[in-house]
Amino acid sequence: MSGWNDRPSSIWRMSSQLSRRRWLFCGLVVLVIFLVTHPASIYTTNHSPNVTAEPKTKAKWDVPPTLQKLKQWERDLPQHNLDLPFPEGKDGRYVKFSNQVKQLGWNNAFNEILMNTHLAYESKRAYVFQPFVWKEEHYPWPPQVYRNNESLPHTPLNAIISGPSAGGSWDVGDDAPRSISEEWFDVVCPRKERRIINTREVKPIIGWADGIDIFNHWKKILLDAPERCIEIEPEHYQKDFYPQTFDLWLWGNTRILSLWPTFSQSPTSRLLEPSPIVVSAVERNAYLFNPRGPRSKHPVSRSPYDRMLAIHARRGDFKEACLHLAKWNSTFYSWNLLEELPDSFTPPPGGKQGENTPENIEKYMKHCLPQFDDIVAKVRDSRYDYLRQSKTGHKTLDVLFLLTNAKGEWLEQLKATLREDGWYTIVTSRDLELDQEQTEVNMSVDMEIARRAAVFVGNGWSSFTMAMDYDRKSNVSSFYGGRKGSLDALNADFPATTTAGRPRDDASSFYNPERGPRNSLDPLNGPRTSTAGYNRGSFFHAGREEPLKGGSDEDEEAGNRVGEAIWDVYADFNNTGPRYSSAFGQPEKGYQQLPPSTPKQEDDNTGASTVEMVTVPALGPEWGRSEMRDMTKAGRRERKADARREKFVAWKRGERGICGKYFTRRTLVITVFCLCAIVAIILGFTIPRVPAFSFDNDAPLQPANGDWNNSVPTYFNRAPANFSFPAFASLQVNTDNNYVPIHFKSLKASVYDLQTARLVGVGDWGSHTLPAKSFPDILVPLNFTYVASNSSDQTWMNWYNACKSRTLFANGQREPLKFRLVLDMSILGLPTSHQTSTQVSDASCPIELDPQHS
């Protein structure tokens, strides 16, 4: 077909022929080669450079930092010394919380680390700190480059924070033991010297008690325990999904607030600091926040942090979290529930657990995931309130820090709108320049910058915002929510009593704080009862509730029966018990004692009918200890284990097979290798490869026809300036690298003006299947739509001039269209979506306007 590229050289093809003898060796090589998905490319006959899909990496560094020096520094902490005097060293008292949350966001873990440290301090024990275990999707690097081939990424705690929780010193004169590392705990507290406390032994007792009561109960257990070393282990997740000492049900409920007065003033809180890595990142990026606006008319602080408003605007993945919170009618999280904070949120009535009304969900989304206009309005209101409360009037806010995971056009438009409001210095999380170590702890870098800001606007359901509320030194902390008073709760004294209004609910879940205590159903012993704690239906009861026998012992009862003989268990073996039979001429009836045995008389011809009874010794002395052991279940298990071990050793030596003489070690290795090679070859032929695309160089854009032509209106207007028309992108797909048909789950196109980079068209080819080893032609429908502010808009003019009538040009040649086409494709059999793009600078407009349309 004229106009198409023929066999482009950029497409890799495997042409080498493999001999029969090399199949086994090359099988695994084929797997590696075929599993590498070739990037898609778009090319034209004018030999424009191919633009390939770029991997979506989270960090610009190829591998994470080793952090070996920091790990060694933790090992060399001065408290890691067995010879230190009490309360440290080999005689010290320690507690390790093995039930700490793992594989969640940093601030969820941060919550618990601080409260567990506070509990250990009050219990006069050294806290055992552990590395932070990441949730894989949050870690900046992919699994194949994890340090030391870790199954889950770990970061030393001292890379994120400093202070007593991470092994730092307490106040001068405070003799509390310093925190130790998990590694040193294994040295100073060997497993055999630890007392293990499972949370199922404690949590059912305290149930839904107030936070301070839960704290004091654990404190008493740790104080009263005589053991030096205590390790708290979690209940099985199927019986307690949140087995932490201070679990989610507490952090998400007003019950946590009773801990605020003591915790906020504790040395755990007061001495907390960012790590040196975090501080270095903040100082490295401090120049970004230098005010760039005009000079203030009155004296103001030179520090950019005194002039900064930081706002937490999480996007993307947080939408699902907000919908989940709305579905369960959740309150704010942890310290975000403090009554004195400027903003609050009262869950609206209606709905039920797991479901909510559309109206309520809309209210939640407005506060939890505010839209563009809501964010702009919140920033305006927060600055106005802050400046209005200034006593001297010599304050200003002109530096804005956006803590966000958003990117692209939405973020750029937000920054442009905020600049119009007088924010001359705007910095986002993505603007920070971080090295490898700083990238590892980037979430704490954001936190430290926001902590120093004069004003912080957060999200009441976010653990990040909760951590900021706890640790901030600023004057105002605000949420997306209904405005209350302007008191700064974080720097004011905690009130002695709760203000009147919403009733306190200590028994309910934080998912629905307005309802009363939950009803508990005991399916075994009765109907629903109203309780506020754990019950028979909410936790596993490991032991029996009453003894197998009654309140007294059978032997005691027998001894109390006057005139009745006591049963002698050894009577049958030593011939001292009662006789059971009157056989052999014995005249006695019923039970009777047998006479002592006498020596056998030689040559006794008396013919007496007496029966000689032989004394049999007791069973025990006739059996050795090892024989008695072999009769037990444990002994039988050991014999079976020994037999299996001997068979395994013989199999390793090649002396036997798994099934008798079959499947020896050599045979099994060859069989497994052959199976792996076969699987590799099958996967190599069946896993799809990303195809390549090429444009029709003669007509990249084709006029629309059929239903598609009727579905999109065609017009070019000057007032208001806009245009709309349908068209097709004429593409050829190269599936020569595929051995099975390739199925597109979706193929979406986006068209951008090459000069202004504005989006002017979109398209969706939908779900289609293309044959393998072929070059099929496809037409991707495109909807070109653009709205401008006026007809002088450069994008509008570019497309209007290219689509005007040829009669308006002296040579009959219209101006070419210049655009960039981006394809996003999702292919069945590939785990991720792929993107590719190219530029076209000489396309002809698929429509032609009327000559009178000028």
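This passage describes the strand pairing, the salt bridges and the surface patches of a predicted model.

An open sheet is formed by five strands in the order β7-β3-β2-β9-β8, and the pairing within this sheet is parallel. Its edges are strand β7 (180–181) and strand β8, each of which pairs on one side only. Within the sheet, strand β2 (residues 94–97) and strand β3 (residues 126–129) are joined in the parallel sense over two bridges, and Y94 has A126 in β3 as its bridge partner. In general terms, the strands of a sheet pair through backbone hydrogen bonds, either parallel or antiparallel.

The antiparallel arrangement is found around strand β30 (residues 817–827), which runs antiparallel to strand β26 (residues 742–753) and is joined to β26 by nine bridges. Across this pairing, K748 stands opposite D824 in β30. Strand β30 also pairs with strand β31 (residues 834–843), again in the antiparallel sense, over eight bridges, and here the bridge partner of F819 is V840 in β31. The hairpin of β30 and β31 has six residues between the strands, and in this hairpin G829 adopts a positive phi near 105°. Strand β30 is mostly covered, given that eight of its eleven residues are buried.

Over the whole structure, the search for salt bridges returns 26 of them. One of these links R194 with E231, with the closest N and O atoms 2.8 Å apart. Because R194 lies in strand β8 (residues 194–198) and E231 lies in strand β9 (residues 229–233), this pair ties together parts that are 37 residues apart in sequence. R194 and E231 are both buried.

A salt bridge within a single helix is formed by D385 and R388, for which the closest N and O atoms are 3.5 Å apart. Both residues belong to helix α13 (residues 372–389), where they are three residues apart, or about one turn of the helix. D385 has a relative accessibility of 15% and therefore counts as buried, the cut-off for this class being under 20%. Elsewhere, salt bridges that share partners join D186, R191, R194, E231 and E233 into one network, so that the pair of R194 and E231 described above is one of the contacts between members of this network. K135 and E137 provide a further salt bridge, in which the closest N and O atoms are 3.6 Å apart. In this case K135 is partly exposed, with a relative accessible area of 29%, and E137 is likewise partly exposed, with a relative accessible area of 48%.

Two patches were identified on the surface. The first is a patch of positive charge, in which K633, R636, R637, R639, K640 and R644 gather. Of these residues, R639 is found in helix α21 (residues 633–652), and its relative accessibility of 40% places R639 in the partly exposed class. The second patch is nonpolar, covers about 330 Å² and is made by I658, Y662 and F663. Y662 is located in the loop between α21 and α22 (665–686), and with a relative accessibility of 54% Y662 counts as exposed, since that class begins over 50%.

How values were computed. Residues numbered from 1 in each chain as written. Predicted model: local features only at pLDDT ≥ 70, side-chain atom pairs only at ≥ 80, totals over all residues. Heavy atoms only, no water. Patch = residues over 30% accessible without salt bridge, like charges linked within 9 Å, V, L, I, M, F, W, Y side chains within 5 Å. Areas by Shrake-Rupley, 256 points an atom, 1.4 Å probe, with all protein chains shown as cover. Salt bridge = Lys/Arg side-chain N within 4 Å of Asp/Glu carboxyl O. Lys, Arg positive; Asp, Glu negative; His and termini not counted. Charge placed at Lys NZ, Arg CZ, Asp CG, Glu CD. Helix = DSSP H or I, 4+ residues; strand = E, 2+ residues; numbered from the N terminus. Buried < 20%, exposed > 50% of the residue type's maximum accessible area, 1.4 Å probe, protein only. Pairing = 2+ DSSP bridges.
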